[in-house]
Amino acid sequence: MHISPVLWQFLVKWLNASALFPREASTIAPYADALYFFLLLITVIGLTLVGLLVFGFSIRYRKEKHPEAIQVEGSTLLEATWTIIPLALFLIVFVWGALLYFRIYNPPTNAMNIYVVGKQWMWKAEHPGGQHEINALHVPTGRPVQLTMISQDVFHSFSIPDFRVKREVIPGRYSTVWFQATTPGTYHIFCTQYCGTNHSAMIGEVTVLSPDDYDKWTQESTSGMSLAQNGERLFASMGCNACHSGSAAARGPNLAGVYGSKLQLASGSQVLVNDAYLRDSILNPSQHITAGYAPIMPTYQGQISEDGLIDLVEYIKAMQSNYRVQQTLTTSQSNETAPTTPGVVKP
Amino acid sequence: MSATSYTIVNLPDQRTATIPKRNYLNNEDGLLSWLFTGDHKRIAILYLISITFFFFIGGAFAGLIRLELLTPQPDLVASDTYNKFFSMHGIVMIFLFLVPSVPATLGNFLIPIMLGAKDLAFPKVNLLSWYLYWIGGLFTLAALVLGGVDTGWTFTTPLSTHYLNTHVVTAATGVFIIGFSSIFTGLNFIVTIHRMRAPGMTWFRMPLFCWSNYAASILMVLGTPVLAITLVLVALERLVGIGVFDPTKGGDPLLFQHLFWFYSHPAVYIMILPGMGVISEVISTFSRKRVFGYTAVAFSSVAIALFGFFVWAHHMFIMGVSNYSALVFSLLTMLVAVPSAIKIFNWAFTLQKGSITFETPMLYAFGFLGLFTIGGMTGVFLGALGMDIHLTETYFIVAHFHFVMVGGMLMAFLAGIHFWWPKMTGRMYPESLSKLAAVTTFIGFNLTFLPQFILGYLGMPRRYHAYPPEFQVLNVLSTAGATVLGVGYMLPLLYLGWSLKYGAIAGNNPWQATGLEWQIQSPPLTENFIETPVVDHEAYDYEWLAHKTAQEVTTVG
Ligand code: HEM
Ligand SMILES: [Cu+2]
């Protein structure tokens with residue numbers, strides 16, 4: 001912390017040694033702990049105050065010493081005091097807590113993205129390079145990491161106490177959390193939302209590596225296929241490319257470059273194309289008709305797993321031109337020039 | 001005015017004193033006269049027996065939970081069994097104990113008497129609500145006996161609707177029915193307080209116990225239907241798959257959370273407000289003082305009740321509510337904490353310049369003040385957005401709500417039971433044993449739940465059946481504390497039972513308290529008052545009482 005680094009370090013070291021305090025292993029942890037200590041302080045002061053009043057009055061005004069009570073109505077001044085002081089303190093806590101919340105939940109733009117799928121009862125992490133891990137997560141120090149998470153079944157909640165971060169993992173929608181690890185080591189990942197029988201076994205381990213070790217780990221554990229490449233295969237095998245071929249005659253819009261753009265819908269509204277939108281338009285296509293196209297796309301609900309959806313989304317994200325689509329096509333249309341999707345406005 | 005008029009324990013002579021010949025307990029005989037009674041006092045006793053029964057069932061499960069958590073390994077029972085234990089513990093404690101505790105027992109017994117009325121507005125509805133309570137309770141027990149339910153008390157979808165093969169619908173039906181019991185109790189209180197006050201009993205002459213139960217009743221009547229609707233939706237989703245909460249059918253899983261917490265947040269005020277009323281009565285009586293800032297305390301109850309409806313989403317800060325709505329809900333949460341803080345200081349300052357004695361109810365009330373302050377302050381931790389991220393869903397939550405609900409509400413309940421025991425039964429409880437119980441409970445409580453705050457900050461998740469070994473020391477401490485606490489809860493059961501037969505005769509007003517209930521015989525007549533009283537003084541007017549006692553002495557002498 002900025003205020004008194006020496007004292008802070010000392011306090012944290014001492015608490016760590018006594019095992020009454022979690023390790024501080026992310027850039028956010030010291031900020032969370034500072035608020036924690038402030039809250040502890042006002043709690044202790046408040047409790048001491050109440051204790052002093054109760055014990056003080058009990059001794060001073062006990063019946064033996066003070067046989068006859070003196071009636072008092074109340075006191076506007078006193079009441080105002082104990083309304084305004086707690087109110088002021090709570091407002092400070094509110095602002096402090098809000099700042100911390102925005103710090104924890106607003107990822108920096110340069111964060112590297114890792115996908116996490118929660119299911120009964122495991123955490124499955126998928127790195128963009130295609131590395132898969134179960135109940136484990138490898139991350140480098142010194143780089144912001146954003147997790148894009150979704151649940152395949154019930155609510156789960158992804159928590160790394162030593163990083164002071166946690167976020168609910170929700171069926172049917174992506175949620176995100178980010179952190180920047182500071183200290184190499186291994187730390188618990190817990191599922192903190194009750195999710196059925198083996199809830200308490202849904203534990204994982206995040207391994208924080210130095211950037212060099214992390215690069216080594218990525219090299220060694222790659223499966224040779226990135227998420228986008230998996231997605232590409234799926235794109236072909238599910239028949240997506242039959243309509244989204246990118247050619248002028250295609251019955252579906254061209255998907256190249258669509259990620260991150262604003263799309264004009266047939267309903268007249270505009271949407272920002274992000275992960276959640278892409279996922280949703282694969283599962284509920286009839287609800288998002290791109291302007292100029294007929295509502296003919298079938299739903300893929302129940303046919304693609306969350307992992308598969310992630311692969312597809314990664315593939316669509318990575319599609320910056322028609323080049324890849326055309327490569328996967330086996331027909332001769334591939335040399336026609338492809339129009340861009342109508343209504344696409346580059347932001 | 002002489003100081004002797006303030007003498008507290010003013011027991012009649014043991015050899016000559018007797019229980020009044022005619023009272024509500026012996027007015028009619030036989031089980032049927034109880035099962036068909038319309039007397040609010042008898043219904044209160046029926047409730048007292050019932051909730052005590054469920055409290056010890058819930059307590060047995062607490063014991064099993066703590067026993068399992070003694071070691072990090074999952075060695076006592078299998079995970080499914082453990083999950084059923086904490087689900088039953090939660091469901092029974094919340095819906096069958098905490099919600100009805102003070103209102104249905106003490107409230108039922110006292111509100112009409114405190115207002116100078118002969119009964120509640122709708123005696124038959126009152127009896128009906130006790131039957132509903134039991135029908136609901138039997139469904140819950142059936143869910144247990146048939147093989148249990150493992151949703152937790154929160155019934156979270158889609159876990160409860162699609163992923164569990166247990167008796168979810170049975171348990172939900174139980175809770176649904178109990179909900180109606182609580183709606184009826186609330187309605188009855190509201191109408192009674194509005195319509196049946198004795199002449200002269202203005203709103204601002206009402207004891208604070210009536211105010212706080214009034215506030216809680218508003219919550220019961222407005223909040224409980226939402227719970228009922230939510231449970232119907234859960235049952236429909238489970239049985240016929242309507243899909244309101246199911247994302248694969250276009251439903252929204254967060255909708256369940258919103259609906260559930262829209263009831264369940266106000267529900268914590270349903271649980272705590274009546275307890276606060278008890279504390280006001282007890283502290284005032286044993287310090288012989290008017291409650292400091294009576295009006296502020298009365299209005300802060302109502303403020304808590306109304307604000308209580310606007311903070312539900314603080315249970316969802318990590319669930320992806322938008323950042324801006326999180327801000328609003330956090331701010332409102334901070335605001336609703338203020339009336340509670342006001343009350344704590346009002347109670348403390350009621351002691352000032354008083355003439356204080358330390359009877360058992362007072363010890364429990366002091367325990368309440370300490371534990372509720374900790375419970376309330378740790379609530380501020382959770383209301384602070386960024387802090388909540390780390391703390392929610394861990395043992396910090398478990399500790400926080402036990403401090404408020406068990407440390408606060410249960411302490412208040414025990415304070416109230418001891419305080420009004422002489423009125424309800426005509427007999428005193430044994431003084432030193434009861435003090436021992438109060439102290440044991442306080443120590444046991446802190447030993448059980450203080451370590452859980454630390455466990456929570458370390459990150460131990462709640463509802464865990466097995467845990468990493470580094471959490472063991474604190475868990476062992478907590479289990480040791482729970483054992484002490486268990487003894488603390490058993491003691492009153494034993495000595496209060498004993499006192500029914502052997503306790504000293506209490507007399508009408510053993511505490512020299514001002515409430516109307518203390519001006520009539522103990523135990524009261526079925527009709528409470530032979531003639532309707534006319535009230536000409538404020539709720540905590542000890543001068544009036546001294547004056548009255550002095551007059552009685554002169555008439556006798
Ligand atoms: C000896 C006393 C008690 C002990 C040792 C105890 C222990 C516990 C523990 C360890 C849990 C957490 C279970 C878990 O998250 O795995 C729990 C949950 C709970 N307790 Fe208690 N408890 C006690 C008394 C009470 C009382 C008196 C009440 C209410 C009047 C109560 C209400 C609850 C509720 C509502 C839950 C939440 C259950 C859930 O997570 O679904 N407890 N208790
Ligand atoms: Cu989980």
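Here is a chat between a student and a tutor about how some labels in this predicted model are earned.

Student: What makes His156(A), Cys191(A) and Cys195(A) donors of the copper ion (ligand 2)?

Tutor: Distance and atom type. A donor is an N, O or S atom within 2.8 Å of the metal. His156(A) offers ND1, while Cys191(A) and Cys195(A) each offer SG, at 2.0 to 2.2 Å. Those values fall inside the cut-off, so the three residues count as donors.

Student: How are these donor residues spaced in sequence?

Tutor: The pattern is H-x34-C-x3-C.

Student: Why is Cys191(A) called buried?

Tutor: Buried means under 20% relative accessible area. Cys191(A) has 0%, so the label fits. Cys195(A) is also at 0%, so it counts as buried too.

Student: What makes strand E10 of chain A largely enclosed by the rest of the structure?

Tutor: Count its residues. E10(A) covers residues 203-209, and 5 of its 7 residues are buried, so the strand is largely enclosed.

Student: How do you know that E4(A) and E10(A) pair?

Tutor: Pairing needs at least two bridges between the strands. E4(A), residues 136-140, has 5 bridges with E10(A), so they pair, and in the parallel sense. Look for His138(A) opposite Thr207(A) in E10(A).

Student: And what about E9(A) and E10(A), parallel or antiparallel?

Tutor: Antiparallel, with 6 bridges joining E9(A), residues 185-191, to E10(A). Here Thr186(A) stands opposite Thr207(A).

Student: Where does UniProt place the feature "transmembrane region" in chain A?

Tutor: The unreviewed UniProt entry puts it at residues 34-59 and 80-102. In the model, residues 34-59 are 100% helix, with end C-alpha atoms 37 Å apart. Residues 80-102 are 100% helix as well, and their end C-alpha atoms lie 33 Å apart.

Student: How many residues of chain A are in contact with chain B?

Tutor: There are 81 residues of chain A in contact with 96 of chain B. The area buried between the two chains is about 7700 Å², with carbon and sulfur atoms giving 68% of it. Trp82(A), Tyr101(A) and Tyr194(A) supply 10% of what chain A buries against chain B, more than any other three residues.

Student: Why do Arg173(A) and Asp252(B) count as a salt bridge?

Tutor: The rule asks for a side-chain nitrogen of Lys or Arg within 4 Å of a carboxyl oxygen of Asp or Glu. Arg173(A) and Asp252(B) meet at 3.2 Å, N to O, so the pair passes. Across the interface of chain A and chain B, the rule finds 1 salt bridge.

Terms used:
Residues numbered from 1 in each chain as written. Chains lettered and ligands numbered in written order. Predicted model: local features only at pLDDT ≥ 70, side-chain atom pairs only at ≥ 80, totals over all residues. Heavy atoms only, no water. Donors = N, O, S within 2.8 Å, 3.2 Å for Na, K, Ca; no water. Buried < 20%, exposed > 50% of the residue type's maximum accessible area, 1.4 Å probe, protein only. Helix = DSSP H or I, 4+ residues; strand = E, 2+ residues; numbered from the N terminus. UniProt positions renumbered as here; feature names shortened; annotations may be inferred. Contact = heavy atoms within 4.5 Å. Buried area = accessible area lost by both parts, 1.4 Å probe.
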